[in-house]
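Got your viewer open? Let's take a short walk through this model, one selection at a time.

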Amino acid sequence: MTMEGRARPERAWWKEAIVYQIYPRSFFDVSGDGVGDLAGIIAKLDYLQALGVDAVWLSPIYRSPGADNGYDVSDYREIDPQFGTMADFERLVREADARGIRLVLDLVVNHTSDEHPWFYASRQGIVPYRDFYIWRPGKNGGLPNRWRSVFGGPAWTYVPERDAYYLHLFSPKQPDLNWDLPAVRQEVYRLMRFWLEKGVAGFRMDVINAIGKPELDDEADAVGFERVINHPKAFRFLEEMYEAVLKGADLLTVGETPGVTPEHAWRYAALGRGPLGMIFPFEHMTVDVGATKWEPAPFDVVRWKRVLFRWQTKLEGRAWPALYLGNHDQPRPVSRFGDDGEYRVAAAKLLAALLLLQKGTPFVYQGEEIGMTNVRFPSIDDYRDIETLNFYREGRERGVAEERLMAAIHRMSRDNARTPMQWSAGKNAGFTSGTPWIRVNPNYREINVEAAWADPDSVLHFYRALIALRKRVPALVYGRLVPLCPDDPAVIAFLREDEAGPWLVALNLSPAPTTWALPRPIAGRPMVRVLDNRHRPPAYWDPATPIPAAWGDKEAAAFAGVGGGEAAGGPETGAPGERPSERGGHGVGPSTFAGEGRRDAPVGAAGPDGKQTAADVRRGSWEVERPEAFRLGPFEARVYRMAPSGHRRRRPGEGDG
Ligand code: TEU
């Protein structure tokens, strides 16, 4: 990772990293059994390197009966045979390391599978395993309490051998571990050390804010998970984990913590004081749903923006944000927050800018980089996710119309994010030579990596441009975020700034053109547009090209010179094709990754022969503008480098004023 500019006291690799989440069973299948595997991930490491990825978070790869696609672990120290062998994993670690890519595993320790040997022993009452889980006698001839599972049904299941019920906040095949028992915690710490010794660089910790259980004589008729999260014991257990395993190790740790506030982040992930490095917020995933995820609510940009900005401002200086717009549990962002029809490409690029240019560590979920969309399978038989299938079954039992259930599933099912990664327009989108475990999204013929790589205007190359920019500019990693126009109904705009001066990000999250009057004091200030999602990216981010890490007369002159003289300021009226870079060449390098994808592979305009010419490199589109307002087209996104507030370029003939 190269980061120009001054060292920062709080610098860490995981703060500067681009993290890519892989859902292994849907990523790439080498064995031909229709399920993605570790060999498939190895085969795509060049692609990930060419994208600019620094770390990969793998959803669970441990042995599992697959009741919840691996989030039900039956052996924490074995690779599930459907993904390969431990030798495959060790090869993956070596091959990733050779490309500067670290591996982060999914630590699923709030619960195990009911097929884990610990649970078999616990059912039999064998010490010490009898108390490894949470057993309670029935109450008044019924369940211990009225809690429901996240996946529907009660959160308790009766076991005759114990004449008692065990707690499962998720499916009955996912019994909750009893973290009150020191022996359970020691087993978890031992298995964490096992993987760290294998070269793992950190953990994403599944529902880790649920590990502290309250007294269970709770009378609430509620989803048990919601009655459990953020119990003080969860913090204490994590602080013990920090002392026992994490302290002093240079690891990426991120807690998956539904239902947290920024104040919780100050506790779980206090800057420099642990126990975790980051936590995933969920509040920005709730603005378009009602009492449950299946009940829609209008997506309100102002409300969403307020949530995003509140987390940014409240975490500033106190905790490091973890940024995401999608993952294996959430619908595809371009369908949910953008547009997956006419403006799909522009919207996917805009959301990429929102994800990659906020302050924090960005987590890109597989397929987001090519603008993969939700899927609309016609039949419930095409779905695989336990949560989706339970929702459908319970709905039909209650007499809910199939159309209504399928509409909710099309909108919010976790399978929207779990259809196979779309590599090419070939059979099964190039994902497998076998029968895929879940059907491929029918739009794979248009939306796939091969087509994206060959298209200089693709979402994929826009991600590469943004990632390249972010890696070169300290302010885009460590600079604070200053929200702008909080009440604008469509524009999300903010500054990223450090002592070298501000960068401006302006995003029109709407299919309608809009005029955004720049607020004082940035209106009229000299600025240079270095990236937008409507014009072919300028070649500036070719490593050979200087970009303004710090604004000074020489940079401004360089920018001005590049644009062929400083253009007059005033409202931007540029239309596509008017910018020099638009006249740039085509082609962005090879259309295959085998051995060709290099982290510093230049992207952007290049000559007809696919080579980057010096003229292309010089010919960015960097006129210095002094706009009072932007006219932003549908889903238009722009990134500007601004002169620092104190900066005042001397105009020709002016004294040293
Ligand atoms: O998800 C926990 C969690 O927050 C879920 O309730 C999630 O928000 C929900 O599925 C969205 O509809 C974690 C894993 O990410 C998920 O895949 C597992 O199913 C779950 O824990 C149990 O391990």
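Keep in mind as you click around that this is a predicted model.

Start at the ligand and show the residues around it. By class, this shell holds seven nonpolar, three polar and nine charged residues. That shell is made of 19 residues, and the closest are Asp-68, Asp-206, Lys-293, Asp-329 and Arg-414.

Now pick out some side chains, beginning with Asp-68. An N or O atom in the Asp-68 side chain sits 2.5 Å from an oxygen atom of the ligand. Next, select His-111: one of its polar side-chain atoms is 3.0 Å from a ligand oxygen. Then click on Glu-256, where an N or O atom of the side chain lies 3.1 Å from an oxygen atom of the ligand.

Switch on the surface here. How much of the ligand's accessible area does the protein cover? On its own the ligand has 490 Å² of accessible area, and the protein covers 94% of that.

Time to leave the ligand and select residues 86-98, which form helix 4. This helix has 13 residues and reaches 18 Å from its first C-alpha to its last, close to the 18 Å expected at 1.5 Å a residue.

Colour its buried residues: Met-86, Asp-88, Phe-89, Leu-92, Val-93 and Ala-96. Turn the view until you look down the axis of helix 4. Why do the buried residues line one face of the helix? Seen from there, they fall within an arc of 155 degrees, so they end up along one face.

For the last stop, flip to the other side of helix 4, where Arg-94 and Ala-98 are exposed.

Note on methods: Residues numbered from 1 in each chain as written. Predicted model: local features only at pLDDT ≥ 70, side-chain atom pairs only at ≥ 80, totals over all residues. Heavy atoms only, no water. Near = heavy atom within 4 Å. Polar contact = N/O pair within 3.5 Å; in protein donor to acceptor, adjacent residues only side chain to side chain. Areas by Shrake-Rupley, 256 points an atom, 1.4 Å probe, with all protein chains shown as cover. Nonpolar A, V, L, I, M, F, W, Y, C, P; charged D, E, K, R; others polar. Helix = DSSP H or I, 4+ residues; strand = E, 2+ residues; numbered from the N terminus. Expected span 1.5 Å × (residues − 1). Buried < 20%, exposed > 50% of the residue type's maximum accessible area, 1.4 Å probe, protein only. Arc of directions from axis to C-beta.
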